[in-house]
Amino acid sequence: MEMEENENKPIPNTNGLISIHLNHDIITVLDLSHKNISAIDGNLQLPVNLMELNLTHNELREVPIVVQNLTKLKFLDISYNKIEYYDDTPKFYQEIEILNLSHNALLGPPYWIWAEKLKNLKEINLSCNNKITQLFINGYFEELLEYETLVTHITAYNCNLNNKYMKLLSTLPLAKSICLGTSELSNSRFANYIEEFPCVGLDKSTEIEHLNLINIGLFNITSDISIYINLREIDLSLNGLSDLPDEFSLLENLEVCILSLNNLLYLPETFNKLKKLFCLYLNNNCLCMLPENLCLLPFLKKLDLYDNNLNEIPEGIDNLLELDLAQNYFEEPADDEYIKKKTKLRIKSPERNNGRKVEKERPESEHSRTTDEDILYNSEIEKPVADVDNQSFSEKEDWDSDEYWIPHRGPSYTSTQSPWLYFVKRKMREGNFCPMDAHQVPIAELVEYEKYCNPKVNYESDGQFEDCSSDDD
């Protein structure tokens, strides 16, 4: 009777763990998550043979001493707490294999992970520590760069890392999996930011097999992408990519390629050299054409072309197991086999529309010629008359082509820089483009000012260049 009364009594709500009754010799796994724990009494004895400990979703501001004193711990999940510092080396440092510190308030990465030569740590998660670079001052960041770890899997999205701090990844030369992005947009203001890939730091991790760069503000993939010869899966979705280099097709081991939600206008013609490709996601881009025989790749079974600008159904779709062709400029197939394939692919995207994309008239630019005089002027300059002022001096780009200046708008993304600004900067670096609005002071005014400040001086000749010839000669 007394036992029943005790069972019915409410358990007092405390935020400190004082005692725990366990068989210390048998317990190897302990789950203390979601307990509202803010501290653990230093006199508390945790099981000595504990190998897995879950302290996620609590109120801890530091790693408890009793946890630090464990010697056989291989798995520690201390995510979703309020920890700011974790620099003291734990006694289990040579045993730990998986460490999850995500969703905390870390002001810097744990120093002991880099300073100690950890034999077994293979996986670490530092995601959603948006102040993790705050202590990268007074030589601390440079000191970390002097170490190399044996970590093979790192997850670090929403850490406010930029091109400068990406150098930290150079300390992970053996990394097989790197995740720097996420499709979860609730904390996208803290997303990592890399304009160009490969970048400094990531260029040292050439053993990568799985790479996630979702929503990191990426605008350009360089020809150096070919250094990742072991890459099997890449996710570049939710960025601002408008093209890919030919060297992308040198990733001969690539099996999963996700390019969704970019501004891609075309793919390299050599894309069909990716013989091991199994899944290809190209949805929500601006593709007008596809490489020849793309659908005939021997292992390709999933192809997502939803919401592009394609004008015809690609050849070879009968070989695919999952396919979505909706929202393009052609009539979507209506046969049962295609619908079955589309249904499979849309399991996680039920909100998609069916059918043909509705063509929208593009509004004319405010700078477009619309008057009758302008129309007449345009018709005159189209005649085959030698006009030096209207000749194009660029062999690479046809600036006089109407198609060249038609804007191609893609899906929205969360990058901090517009794709147009990136395009302008790149063309200026190449020497192909110098827009008038790239100068704060108009060029014409600068020229006039230069003439005013430095007027042309006429020098009298001393006879060196005088024409001494006479009509009689």
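Leucine 70 is buried, with a relative accessible area of 5%. That makes a good place to start exploring this predicted model. The exercises below each set a task and then walk through a solution.

## Exercise 1: The surroundings of leucine 70

Work out where leucine 70 sits along the chain and which residues it touches beyond its sequence neighbours.

*Step 1.* Find the element. Leucine 70 lies in the loop between helix 2 (65–68) and strand 5 (75–77).

*Step 2.* Decide whether it is buried. The cut-off for buried is under 20% relative accessible area, and leucine 70 has 5%, so it counts as buried.

*Step 3.* List the contacts. Setting aside neighbours within four places in sequence, leucine 70 is in contact with Leu46, Pro47, Leu50, Leu53, Lys91 and Phe92.

*Step 4.* Look at one partner in detail. Leucine 46 is 24 residues away from leucine 70 in sequence, while their C-alpha atoms are 7.9 Å apart in space.

## Exercise 2: Two loop residues compared

Determine whether serine 249 and tyrosine 266 are buried, partly exposed or exposed, and find their contacts.

*Step 1.* Place serine 249. This residue belongs to the loop between strand 13 (233–235) and strand 14 (256–258).

*Step 2.* Check its accessibility. With a relative accessible area of 7%, serine 249 is buried.

*Step 3.* Find what it touches. Not counting residues up to four places away in sequence, its contacts are Thr270, Phe271, Lys273 and Leu274.

*Step 4.* Turn to tyrosine 266, in the loop between strand 14 and strand 15 (279–281). Partly exposed covers the range between the 20% and 50% cut-offs, so tyrosine 266, at 39%, is partly exposed.

*Step 5.* Add its partners. Apart from neighbours within four places in sequence, tyrosine 266 is in contact with Asp243 and Leu287. Proline 291 is 25 residues from tyrosine 266 in sequence, with 8.2 Å between their C-alpha atoms.

## Exercise 3: Backbone angles that stand out

Locate a cis peptide bond and residues other than glycine with a positive phi.

*Step 1.* Recall the usual pattern. Most residues other than glycine have a negative phi, and most peptide bonds are trans.

*Step 2.* Find the cis bond. The bond from phenylalanine 197 to proline 198 is cis, with omega near 0 degrees. Proline 198 is in the loop between strand 10 (196–197) and strand 11 (210–212).

*Step 3.* Look next door, at glutamate 196 in strand 10. At 32% relative accessibility, glutamate 196 is partly exposed. Its C-alpha atom is separated by 9.8 Å from that of isoleucine 216, which is 20 residues away along the chain.

*Step 4.* Find the positive phi values. Histidine 103 has a phi near 55 degrees and lies in the loop between strand 6 (98–100) and helix 3 (111–115). Asparagine 215 has a positive phi of about 55 degrees, and its loop runs between strand 11 and strand 12 (220–221).

*Step 5.* Check the cover over asparagine 215. Its relative accessibility is 5%, so asparagine 215 counts as buried.

## Exercise 4: The cysteines

Find out how many disulfides the structure holds, and look at cysteine 128.

*Step 1.* Count the bonds. There are zero disulfides in the structure.

*Step 2.* Test cysteine 128. The nearest cysteine sulfur belongs to cysteine 159 and is 7.0 Å away, whereas a disulfide needs sulfur atoms within 2.5 Å.

*Step 3.* Check burial. Cysteine 128 is buried at 10% relative accessibility, and cysteine 179 is buried at 15%.

## Exercise 5: Empty space inside

Describe the largest cavity by its volume and its lining.

*Step 1.* Count the cavities. Three cavities have 30 Å³ or more.

*Step 2.* Size the largest cavity. Its space comes to about 100 Å³.

*Step 3.* Read its lining. Among the lining residues are Pro109, Trp114, Phe136, Tyr165 and Leu172.

*Step 4.* Sort the lining by type. The result is 12 nonpolar residues, no polar and no charged.

## Exercise 6: The whole chain

Summarise the protein chain in a few values.

*Step 1.* Count the elements. The chain has eight helices and 17 strands.

*Step 2.* Give the buried share. Of the 473 residues, 41% are buried.

*Step 3.* Describe the surface. The chain exposes about 28500 Å², and carbon and sulfur atoms supply 50% of that area.

Conventions
Residues are numbered from 1 along each chain as its sequence is written. This is a predicted model: local features need pLDDT of at least 70, side-chain atom pairs count only at pLDDT 80 or more; totals for chains, interfaces and linings use all residues. Side-chain values use heavy atoms; hydrogens and water are left out. On a 1 Å grid over the protein atoms alone, a cavity is a set of points where a 1.4 Å probe fits but cannot get out, and a pocket is an open set with protein on both sides within 12 Å along at least five of seven lines; lining residues have an atom within 4 Å of a point. Grid points are joined across faces, edges and corners, and a volume is the space filled by probe spheres set on the points. Ala, Val, Leu, Ile, Met, Phe, Trp, Tyr, Cys and Pro count as nonpolar, Asp, Glu, Lys and Arg as charged, and the others, Gly among them, as polar. Buried means under 20% relative accessible area, exposed over 50%, partly exposed in between (1.4 Å probe, protein chains only). Helices (H or I, at least four residues) and strands (E, at least two) are DSSP runs, numbered from the N terminus. Accessible areas come from the Shrake-Rupley method with a 1.4 Å probe; for residues, only the protein chains shown count as cover. Contact means heavy atoms within 4.5 Å.
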